[in-house]
Amino acid sequence: MISMTPEKAYKLSKYDRSPKLKSIVCNSPYLAYKYARYRDIRPSNMTRNAACEDPEYAYLYAKYVDKKSRKQTRESASNNAMYAYKYAIDIDKRNNKVTREGVAQEASWAYLYARHVDKKPHPMTRKAVLQNPSTAYAYAQLFSNKFFADIKEVACQNPQYAFLYAKNIDKGPSDQTWDAVVGSKYEKEYKKFLNLLEKDTII
């Protein structure tokens, strides 16, 4: 029994629900989750503790076994940015400091969290989206009624997003966006944008 793999123990557990076999199954976060969902058909500390060794299975445990939020599953899921976001959307159904910290590990998930969970700017998500120009621009566009100097600075590290920032957020030229596009293929687009502005002003 000592050398039995979790996979073998899970198969045998269809006929044998002994605690000893269950403990072997729980050496695998995935199989611990499956055991709780399909064998026990209820939560337990043993299976939850095991599932929480992996963010994915902590999230799935919360969704399909506990069927509610718990501090333990939230903290485990939030070790991965994607599962932190999914936990906030599917389990908590609201924002939470722990899941927000989790999504802040990756710019794209921080942006989605700001858009779909917080639904407003937050210092933590704002800092996270500064990891790359595309998410900085997307964040600025999402909250275009606000101005964030640090976000504009990061967006202008890429000529494409500098041009889009000028066109869709500033809705006009600035030295910062212009300097970012000079010498790139977006310089021509920027000039076309300026010409259209001038025509609109004349009309």
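**Entry 1: A88**

I began with A88, which sits in helix 7 (residues 81-92). The model is a predicted one, and I read everything below with that in mind. I asked whether A88 is buried or exposed. Its relative accessibility is 1%, so A88 counts as buried, the cut-off being under 20%.

Next I listed what A88 touches. Setting aside neighbours within four places in sequence, I found K93, R94, T99, Y113 and V117 in contact with A88. I also checked A88 against V154, which is 66 residues away along the chain. Their C-alpha atoms are 27 Å apart.

**Entry 2: the whole chain**

I stepped back to the overall fold. I counted 15 helices and zero strands in the protein. The C-alpha trace spans about 85 × 30 × 25 Å along its principal axes. The radius of gyration is 25 Å, where a compact globule of 203 residues would have one near 17 Å. Of the 203 residues, 44% count as buried. I then took the contacts between residues at least 6 apart in sequence, and 37% of these join residues at least 24 apart.

**Entry 3: the nonpolar cores**

Which residues touch the most other members of the largest nonpolar core? I noted V129, Y137, Y139, I151 and Y165, out of 18 residues in that core. At least two core residues come from each of helix 9 (107-118), helix 10 (123-129), helix 11 (133-142), helix 12 (149-155) and helix 13 (159-170). Helix 11 gives the most, with five residues.

I also logged a second, separate core of 15 residues, with A36, Y57, A77 and Y83 among them.

Y165 I looked up individually. Leaving out neighbours within four places in sequence, Y165 is in contact with Y137, A140, F147, F148, K152, A155, D170, K171 and T177.

**Entry 4: helix 11**

Since helix 11 gives the most to the largest core, I checked how covered this helix is. Seven of the 10 residues of helix 11 are buried, so I put the helix down as mostly covered. The buried ones are P133, T135, A136, Y137, A138, Y139 and A140. I asked which helices these buried residues pack against. They pack against helix 9, helix 10, helix 12 and helix 13.

**Entry 5: helix 11 with helix 13**

The axes of helix 11 and helix 13 come within 10 Å and cross at roughly 5°. Helix 11 and helix 13 are therefore roughly parallel to each other, as angles under 35 degrees count as roughly parallel. From helix 11, P133, S134, Y137, A140 and Q141 meet Y161, L164, Y165, N168 and I169 of helix 13. I sorted the residues of this contact into seven nonpolar, three polar and no charged.

**Entry 6: helix 9 with helix 11**

I repeated the check for helix 9 and helix 11. Here the angle is about 10° and the axes are 10 Å apart. Helix 9 and helix 11 are therefore also roughly parallel to each other. On the helix 9 side I listed A107, S108, Y111, A114 and R115, which meet T135, A138, Y139 and L142 in helix 11. The residues of this contact divide into six nonpolar, two polar and one charged.

Methods. Residues numbered from 1 in each chain as written. Predicted model: local features only at pLDDT ≥ 70, side-chain atom pairs only at ≥ 80, totals over all residues. Heavy atoms only, no water. Core = buried A, V, L, I, M, F, W, Y, C linked by side-chain atoms within 4.5 Å. Buried < 20%, exposed > 50% of the residue type's maximum accessible area, 1.4 Å probe, protein only. Helix = DSSP H or I, 4+ residues; strand = E, 2+ residues; numbered from the N terminus. Contact = heavy atoms within 4.5 Å. Axes fitted to C-alpha atoms, helices over the stretch in contact; angles between N-to-C directions. Parallel < 35°, antiparallel > 145°, perpendicular 65-115°, else oblique. Nonpolar A, V, L, I, M, F, W, Y, C, P; charged D, E, K, R; others polar. Rg over C-alpha atoms; globule rule 2.2 N^0.38 Å.
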